[in-house]
Amino acid sequence: MEHLNGTQVQGLTLKLSERIRYLAARIRDELAASDVQHYRDLAGAVTDTADEALASALVDVDAAIMDRHVRELRDIEAARERMANQTYGICIDCGDAVPYERLAAYPTAKRCVRCQQRREHDFAHPGTPSL
Ligand SMILES: [Zn+2]
């Protein structure tokens, strides 16, 4: 990450930790909102189906949103690890420097634009087995 100067690294570090704080708050909100929903469901459920109601309430709890938040948190953690290992801003596919402009817009970027596009292109073709 020699292509990034101290100020840029500091700015990106700050962006990552701000994003963590934002996501943590969102996850807390989701959980709080889901609790409300959960109690509402339980209140409306007959006793012997309470477990079932609880189960379905938890399943419904915006699992997709939570999933996305958690996945993004993991991406941020990984970016911070790369930062600590001095491999941040280096494309994991080709080893080229990821330009600062891309990192500023997308601080968790692991790939340069070219490799990212190639990857998305590959994924967009169902003929290519991905598993
Ligand atoms: Zn690359």
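Let's start with contacts. In this protein, residues 24 or more positions apart account for 51% of the contacts with a separation of 6 or more. Keep in mind that this is a predicted model.

How confident is the prediction? The mean pLDDT of the protein is 83. Of its residues, 73% reach 70 or more. Confidence varies by element. Helix H2, residues 50–60, has the lowest mean pLDDT, at 62. H4 has the highest, at 96.

Now the overall layout. There are five helices and zero strands. Reading from the N terminus, the order is α-α-α-α-α. The protein has 131 residues, and 8% of them count as buried.

On to the core. Which residues make up the largest nonpolar core? There are five: Leu-12, Val-98, Leu-103, Ala-109 and Cys-112. Take Leu-103. Leaving out residues up to four places away in sequence, Leu-103 touches Leu-12, Gly-89, Val-98 and Ala-109. Leu-12, Val-98 and Ala-109 are also among the core residues.

Next, helix H3. H3 spans residues 63–84 and has 22 residues. From its first C-alpha to its last, H3 reaches 31 Å. That is close to the 32 Å expected at 1.5 Å a residue.

What follows H3? Gln-86 does, with a positive phi near 65°. Most residues other than glycine have a negative phi. Gln-86 is not a glycine, and its phi is positive all the same. Gln-86 sits in the loop between helix H3 and helix H4, which covers residues 100–105. Is Gln-86 buried or exposed? Gln-86 is exposed, because just 10 other C-beta atoms lie within 10 Å, and the cut-off for exposed is 12 or fewer.

Now look at Tyr-88. Tyr-88 is also in the loop between H3 and H4. Why does Tyr-88 count as buried? Because it has 24 C-beta neighbours inside 10 Å, and buried takes 20 or more. So this loop holds an exposed residue, Gln-86, and a buried one, Tyr-88.

What does Tyr-88 touch? Not counting residues up to four places away in sequence, the partners are Met-1, Ala-79, Arg-82 and Met-83. Then there is Leu-4. Tyr-88 and Leu-4 are 84 residues apart along the chain. Their C-alpha atoms are separated by 9.5 Å.

To recap. Five helices, zero strands. A largest nonpolar core of five residues, Leu-103 among them. And a loop after H3 with Gln-86 exposed and Tyr-88 buried.

How values were computed
Residues numbered from 1 in each chain as written. Predicted model: local features only at pLDDT ≥ 70, side-chain atom pairs only at ≥ 80, totals over all residues. Helix = DSSP H or I, 4+ residues; strand = E, 2+ residues; numbered from the N terminus. Contact = placed C-beta atoms within 7 Å. Core = buried A, V, L, I, M, F, W, Y, C linked by C-beta atoms within 7 Å. Expected span 1.5 Å × (residues − 1). pLDDT = per-residue confidence, 0-100.
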